[in-house]
Protein chains: 2
Amino acid sequence: MSTPETVGRVEEAVGYVLKQAAVALRNSMDAALRPLHLTVPQYACLELLGQRPGLSNAELARGAFVTRQSMNVVLRGLEARGLVTRPETAPRGRELPTALTETGREHLQAASAAVRNVEKKMCAGLTPAHQRDLRKSLTACVRNLTEDRQR
Amino acid sequence: MSTPETVGRVEEAVGYVLKQAAVALRNSMDAALRPLHLTVPQYACLELLGQRPGLSNAELARGAFVTRQSMNVVLRGLEARGLVTRPETAPRGRELPTALTETGREHLQAASAAVRNVEKKMCAGLTPAHQRDLRKSLTACVRNLTEDRQR
DNA sequence: TTGTCTATGTCAAAGTCCTGACACCAAGAC
DNA sequence: GTCTTGGTGTCAGGACTTTGACATAGACAA
């Protein structure tokens, strides 16, 4: 309540602001996708498939930052709703390449527009140069953290 | 597998990189705190209390980006381990101001150093000016997203 | 005082996600 | 050829978090 004696340095840490921004983005995306009856992982799955058709479950999981198990249930849900299709048998190895259906493509189009609006709102006021620098800095952070300590 | 026809624009989106960075940071912090037997929410709680003693459960929850219920179980765990203390009765309203114990301060010191190392590693190669710009841009993103569409 | 609103702490139930484990398949080393 | 390694899909089990709900306490207006 009262002004802290020890200056609130938490809010100044890059990591703290990063987490804050990620949470805010997640909440906004959630709100934007709710009317479309899609969760964020579901949308991420559709978006990835739209840009790279034929991705396997494991590849989708890595792309959406979740585990294979979680992506598996996402895919089952989307398949039950008729948004994606997976072959019964693996054409090669054990991978089951997933593809969007026509309905899936329609849903993706609407969801993608909604998410693009969120991103546009998020970056409002940031010049293209600022956005580019932001992307570059964040990419550098990812590289620094996953350099060797990967796992 | 093959090079995608539709250029992989996902990886270029600010939101995607933001999420990626947040996940990488979370994983690195997890790994850094594991030897200290602390989870990220637990550390966040200690850090907040170290800088602003007397925070209530709800205030800690907001500061750590979790619900009051989650922070409640975190506090119970920390209290059982003797790292924090809470009064039996609320001195004002229903708020139970939490404070660090001596052991808690020791744990916080070690954890804070570990996390600072992670953040230092993350920002390696970024000039102070870059870091300042990064913080400013992220703060602007948060403000844009939580402006009115709050909640 | 009374009523309304907001905020807090807490309980129970539900959902979500991850960790651990297993079986299977391809590719390369021996 | 056989064996080992890495990658994949899937099945529980458990840990964590959130959603929903309730009782309580202060602030403010009627």
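**DNA contacts, chain pairing and local geometry**

Thr67(A), Ser70(A), Ser56(B), Asn57(B) and Ala58(B) come nearest to DNA strand C, out of 18 residues around that strand. Three elements each give two or more residues to this surface: helix 4 (68-80) of chain A, plus helix 3 (57-64) and helix 4 (68-80) of chain B. Sorted by class, the surface near DNA strand C comes out as eight polar, six charged and four nonpolar residues. The model behind all of this is a predicted one.

Next up is how the two protein chains relate to each other. Chain A lands on chain B after a rotation of 180 degrees with 0.0 Å of shift along the axis, and the RMSD of that superposition is 0.0 Å. The two copies are thus related as by a two-fold rotation axis. Both copies use the same surface, too, with 100% of the contact residues of chain A recurring in chain B.

As for the interface itself, 46 residues of chain A are in contact with 46 residues of chain B. On the chain A side, the elements giving two or more residues are helix 1 (14-33), helix 2 (40-51), helix 5 (102-122) and helix 6 (128-145). That side of chain A is made up of 24 nonpolar, 13 polar and nine charged residues.

Within chain B, helix 2 (residues 40-51) packs against helix 3 at an angle of about 115 degrees, and the two axes sit 10 Å apart. The crossing of helix 2 of chain B past helix 3 of chain B is right-handed. Helix 2 of chain B brings Pro41(B), Ala44(B), Cys45(B) and Leu48(B) to the contact, while helix 3 of chain B supplies Leu60(B), Gly63(B) and Ala64(B). Six of these contact residues are nonpolar and one is polar, with no charged residues in the set.

A couple of backbone oddities round things off. Phe65(A) is not a glycine, yet has a positive phi, near 65 degrees. Phe65(A) belongs to the loop that links helix 3 (57-64) and helix 4 of chain A. Phe65(A) counts as partly exposed because it has 17 C-beta neighbours inside 10 Å, a count that falls between the limits of 12 or fewer for exposed and 20 or more for buried. His37(B), likewise not a glycine, has a positive phi of about 60 degrees. His37(B) lies in the loop between helix 1 (14-33) and helix 2 of chain B. With 10 other C-beta atoms within 10 Å, His37(B) is exposed.

Conventions
Residues are numbered from 1 along each chain as its sequence is written. Chains are lettered from A and ligands numbered from 1 in the order in which they are written. This is a predicted model: local features need pLDDT of at least 70, side-chain atom pairs count only at pLDDT 80 or more; totals for chains, interfaces and linings use all residues. Copies are superposed by least squares on the C-alpha atoms of residues with pLDDT of at least 70 in both. Two residues are in contact if their C-beta atoms, placed from the backbone, lie within 7 Å. A residue is near a molecule or strand if its C-beta atom, placed from the backbone, lies within 6 Å of it. Helices (H or I, at least four residues) and strands (E, at least two) are DSSP runs, numbered from the N terminus. Ala, Val, Leu, Ile, Met, Phe, Trp, Tyr, Cys and Pro count as nonpolar, Asp, Glu, Lys and Arg as charged, and the others, Gly among them, as polar. Axes are lines fitted to C-alpha atoms, for helices over the stretch in contact, and angles run from 0 to 180 degrees between N-to-C directions. A crossing is left-handed if the near helix is turned anticlockwise from the far one by less than a right angle, and right-handed if clockwise.
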